[in-house]
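Me: Please take a close look at one part of this structure for me. I would like to know about the salt bridges.

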Amino acid sequence: ALPEARICAITRLSRADRALLVRLACSEQDPKVLQSLVDLLGDAPSLQQVLREASSVRAKIIALGALADPDQSFLFDIVGNDKDLSVCEAAAYRITDATILARIIRGDYHTAVRTAAIEQVDDKQLLTQLAGEGLPGPLRKAIEHRLGGLLPVYQSLTIELTCPYCSQPVF
């Protein structure tokens, strides 16, 4: 059937049976229909179920992108247990917890996943510490590149002076 007709049918189903929507998302191949299913699901438990059970890599990545505020330990579990490299890499890009990112960088994961974790680290001190740990060459280069890309945090300081005789501001 045409994707538009399937999307219309799915929209009608969404009011009746959410478990059926999850099963459909796990087996769907068409990207438009998948996106509609994921948009209709929306809640974290359903999207996490799609991530765990879907046969399609595309379904997993779409569900991963739709998670509003993903649980960091769940994402770490996806990185460690999913068999597809692109899903692991996409999950690593969604992680924001520095300790979990450091565990991925130091861990026994594919270089692409570890590089994705490096790109998410914002802490210069942690990156400097990781640079001195004897990681493989591509990871050291990624850390050096990331360190060069992080801008320093500048603090602004405002000093206001007034004339002691006339109380006017002095520039």
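Reply: Here is a walk through the salt bridges, with a short stop at the nonpolar core and one helix.

First, the ground rules. This is a predicted model, so local features need pLDDT of at least 70, side-chain atom pairs count only at pLDDT 80 or more, and totals for chains, interfaces and linings use all residues. Residues are numbered from 1 along each chain as its sequence is written, and side-chain values use heavy atoms, with hydrogens and water left out.

A search of the whole structure finds three salt bridges (a side-chain nitrogen of Lys or Arg within 4 Å of a carboxyl oxygen of Asp or Glu). Side chains of opposite charge can pair when their charged atoms come close.

Take Lys 60 and Asp 82. Their side chains meet at 3.0 Å, N to O. Lys 60 sits in helix α5 (residues 57-66), while Asp 82 is in the loop between α6 (72-81) and α7 (85-94), so the pair ties together parts that are 22 residues apart in sequence. Helices here are DSSP runs (H or I, at least four residues), numbered from the N terminus. Lys 60 has 13% relative accessibility, so it counts as buried. Asp 82 has 14%, so it is buried too. Buried means under 20% relative accessible area, exposed over 50%, and partly exposed in between (1.4 Å probe, protein chains only).

Next, Arg 106 and Glu 133. Their salt bridge spans 2.8 Å, N to O. Arg 106 belongs to helix α8 (residues 98-106), and Glu 133 to the loop between α10 (124-131) and α11 (137-149), 27 residues apart. Arg 106 is partly exposed at 38%. Glu 133 is partly exposed at 34%.

Then comes Arg 146 with Asp 122. Their closest N and O atoms are 2.6 Å apart. Arg 146 is in helix α11, and Asp 122 is in the loop between α9 (111-120) and α10, 24 residues apart. Asp 122 is exposed, at 58%.

Now the core. The largest nonpolar core has 48 residues, and Val 50 and Ile 104 touch the most other members. Such a core is a set of buried Ala, Val, Leu, Ile, Met, Phe, Trp, Tyr and Cys residues joined through side-chain atoms within 4.5 Å. Leaving aside neighbours within four places in sequence, Ile 104 is in contact (heavy atoms within 4.5 Å) with residues including Phe 76, Ile 95 and Tyr 109.

Last, helix α3 (residues 31-41). Its buried residues include Val 33, Leu 37 and Leu 41. Just after α3, Gly 42 takes a positive phi of about 65 degrees.

Key
Helices (H or I, at least four residues) and strands (E, at least two) are DSSP runs, numbered from the N terminus.
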